[in-house]
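Trainee: I'd like a close look at one part of this model. How many salt bridges does the structure hold? Take me through them, then place them in the fold.

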Amino acid sequence: MPDTDELDDWANEEFGAAELGDARLTQRLVALARRLSLSPQCSFPQSLDGPQLKAAYRFFDNPHVDTDGVLGPHIGQTLNRMQQLPVVLAAQDTTEFNLTHLPATEGLGYGMGPHVRGFLMHSLLALTPEGLPLGVLGMKTWVRPPEERGKRRQRKQRTIGKR
């Protein structure tokens, strides 16, 4: 396991330049990254104690905290790592998050099945040809609005000019 100084250096290097509109938010991001790096295979509730978990949820619920602000400095560091290598692969994937089991969750869209509620995330990951992850290059999340359900089937029935 890395020592505390190594974790401090890593977390500061990856996220210390985050522009979230308030230095305290950047400090919270660095502290959160440091803590989560101790158990990257675990969920937030498994990695954080009660007060830390509450602070993490408040952090991500803050209107100044967004994907671009959090990932911006990490993407910059990823690009720096990529420049050191002759070949880098960029793998992309779209993942559906099924949150149907959480009916009180707001802002969800429909999923692949007729009763699936959740959201989609498309991510782009840089890695070496040997499979060593270098970092995230991009991430976009979105929901499919209910009014667009069945759009694919309708598209097949329309002429090309009206698609």
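Mentor: Asp-22 counts as partly exposed, because its relative accessibility is 25% and buried means under 20%. Its partner is Arg-24, and the two form a salt bridge. The closest N and O atoms are 2.6 Å apart. Arg-24 counts as exposed, at 61% relative accessibility. The cut-off for that class is over 50%. Keep in mind that this is a predicted model.

The structure holds two salt bridges. The other one joins the side chains of Arg-81 and Glu-14, with 2.6 Å from N to O. Arg-81 lies in helix H5 and Glu-14 in helix H1, so this pair ties together parts that are 67 residues apart in sequence. What about cover? Glu-14 is buried, with a relative accessible area of just 3%. Arg-81 is partly exposed, at 26%. So here a buried acid meets a partly exposed base.

Now the setting. Helix H1 covers 4-15 and helix H5 covers 67-83. Each of these two helices supplies at least two residues of the lining of the largest pocket. Helix H2 (23-36), helix H3 (44-47), strand E3 (117-127) and strand E4 (133-142) do likewise. The pocket holds about 1,100 Å³ of space. Its lining counts 27 residues. Nearest the centre are Phe-44, Phe-60, Val-70, Leu-71 and Met-139. What is the make-up of that lining? It divides into 19 nonpolar residues, seven polar and one charged.

Step back to the chain. The protein has six helices and four strands. From the N terminus, the order is α-α-α-α-α-β-β-β-β-α. Take contacts between residues at least 6 apart in sequence: 54% of them join residues at least 24 apart. The Arg-81 and Glu-14 pair also spans the sequence, with its parts 67 residues apart.

Finally, the surface. Of the 163 residues, 28% are buried. Glu-14 counts as buried too. The accessible surface comes to about 11,400 Å². Carbon and sulfur atoms account for 55% of that area.

Key
Residues are numbered from 1 along each chain as its sequence is written. This is a predicted model: local features need pLDDT of at least 70, side-chain atom pairs count only at pLDDT 80 or more; totals for chains, interfaces and linings use all residues. Side-chain values use heavy atoms; hydrogens and water are left out. On a 1 Å grid over the protein atoms alone, a cavity is a set of points where a 1.4 Å probe fits but cannot get out, and a pocket is an open set with protein on both sides within 12 Å along at least five of seven lines; lining residues have an atom within 4 Å of a point. Grid points are joined across faces, edges and corners, and a volume is the space filled by probe spheres set on the points. Ala, Val, Leu, Ile, Met, Phe, Trp, Tyr, Cys and Pro count as nonpolar, Asp, Glu, Lys and Arg as charged, and the others, Gly among them, as polar. Buried means under 20% relative accessible area, exposed over 50%, partly exposed in between (1.4 Å probe, protein chains only). Contact means heavy atoms within 4.5 Å. Accessible areas come from the Shrake-Rupley method with a 1.4 Å probe; for residues, only the protein chains shown count as cover. A salt bridge is a side-chain nitrogen of Lys or Arg within 4 Å of a carboxyl oxygen of Asp or Glu.
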